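Q: I would like a close look at a single part of this protein, with its surroundings filled in. Please keep it brisk.

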Amino acid sequence: MFCRLVGLKTTGESIFNKINEFFEEENLPWEKCVVVTTDGAKTMVGKFKGAFAFIKQKAKNCKSLHCMLHREALVAKKMKPKTCPSYEENGMPQRRKIYLVKRP
């Protein structure tokens, strides 16, 4: 598994560069990257400058999916606070992290 902090203000290119560094360190071919799951943020899925746009240049057949947990979080934001307390109320601040799993 790969987990690196990318900072608070990030660009699609800086996120891609962190991922690309990992691929190079582990000698992973980009052709093996078939699906990228994101939070749906513009820096991740932007058509021209999002991280996925850069990934798509390396992995032509790669697809993008919106993470189910992030979909649930978007729905929870519209719910009444008594029904679903926010992350901040539970002491869990949101941070951007990149997770990749390398299969043996």
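Which residue forms a salt bridge with Arg4 in which the closest N and O atoms are 2.6 Å apart? Take me from there along helix 1 and what lies around it.

A: The partner is Glu25, whose salt bridge with Arg4 has its closest N and O atoms 2.6 Å apart. One caution first: this is a predicted model. The pair links distant parts of the chain, with Glu25 in helix 1, Arg4 in strand 1 and the two positions 21 residues apart.

Arg4 has another partner. Arg4 also forms a salt bridge with Glu21, and here the closest N and O atoms are 3.4 Å apart. Again the pair links distant parts of the chain: Arg4 sits in strand 1 (residues 2-5), Glu21 sits in helix 1, and they are 17 residues apart. The salt-bridge count for the model comes to two. Arg4, Glu21 and Glu25 are thus named together in a network of salt bridges.

How covered are these residues? Partly exposed means a relative accessible area between 20% and 50%. Arg4 has 22%, so Arg4 is partly exposed. Glu21 has 36% relative accessibility, so Glu21 counts as partly exposed too.

Now the wider frame. The protein has four helices and four strands. From the N terminus on, the elements run β-α-β-α-α-β-α-β. Helix 1 covers residues 12-25.

Next, the buried positions of helix 1. Ile19 lies in helix 1. Its relative accessible area is 7%, so Ile19 is buried. Asn20 is found in helix 1 as well. Asn20 has 12% relative accessibility and therefore counts as buried. Beyond its neighbours within four places in sequence, Asn20 is in contact with Trp30 and Lys58. A general point on helices helps in reading such positions. An α-helix has 3.6 residues a turn, so residues three or four places apart point the same way.

Then come the aromatic rings. The model has four aromatic pairs. In one of them, the ring centres of Phe16 and Phe54 are 5.8 Å apart and the planes meet at 25°, so the pair is stacked. The cut-off behind that word is a plane angle under 30 degrees. This pair also links distant parts of the chain, with Phe16 in helix 1 and Phe54 in helix 3 (residues 51-58), 38 residues apart. Phe16 and Phe54 are both buried.

Another pair joins Phe22 and Phe23. Their rings are edge-to-face, at 6.4 Å centre to centre and 80° between the planes. Both of these residues, Phe22 and Phe23, are buried. One aromatic cluster takes in Phe16, Phe22, Phe23, Trp30 and Phe54. Trp30 is a name we have met, as a contact of Asn20.

The link to helix 3 shows up in the backbone too. Ile19 and Ala51 are 32 residues apart along the chain, and their C-alpha atoms are separated by 9.2 Å. Ala51 is one of the buried residues of helix 3, which are Ala51, Phe52, Ala53, Phe54 and Ile55. The cover over the buried residues of helix 3 includes helix 1, strand 2, helix 2 (42-45) and strand 3.

Two of those covering elements are strands. Strand 2 (residues 35-38) and strand 3 (residues 63-66) pair in the parallel sense, over four bridges. Val35 has Lys63 as its bridge partner in strand 3. The side chains of a regular strand alternate between the two faces of the sheet. In strand 2, Val36 and Thr38 make up the covered face, while Val35 and Thr37 make up the uncovered one.

Val35 appears once more at the surface. Val34, Val35 and Leu65 make a nonpolar surface patch of about 260 Å². Val34 belongs to the loop between helix 1 and strand 2.

Last, some totals for the whole protein. It has 104 residues, and 28% of them count as buried. It exposes about 8200 Å², with carbon and sulfur atoms supplying 57% of that. Among contacts with a separation of 6 or more, residues 24 or more positions apart account for 63%.

Terms used. Residues are numbered from 1 along each chain as its sequence is written. This is a predicted model: local features need pLDDT of at least 70, side-chain atom pairs count only at pLDDT 80 or more; totals for chains, interfaces and linings use all residues. Side-chain values use heavy atoms; hydrogens and water are left out. Rings of Phe, Tyr and Trp (its six-membered ring) pair if their centres lie within 6.5 Å; planes under 30 degrees apart count as stacked, over 60 as edge-to-face and the rest as tilted. Buried means under 20% relative accessible area, exposed over 50%, partly exposed in between (1.4 Å probe, protein chains only). Two strands pair if DSSP finds at least two bridges between them. Contact means heavy atoms within 4.5 Å. Accessible areas come from the Shrake-Rupley method with a 1.4 Å probe; for residues, only the protein chains shown count as cover. Patches are made of residues with over 30% relative accessible area and no salt bridge: like charges are joined within 9 Å, nonpolar side chains (Val, Leu, Ile, Met, Phe, Trp, Tyr) within 5 Å. A salt bridge is a side-chain nitrogen of Lys or Arg within 4 Å of a carboxyl oxygen of Asp or Glu.
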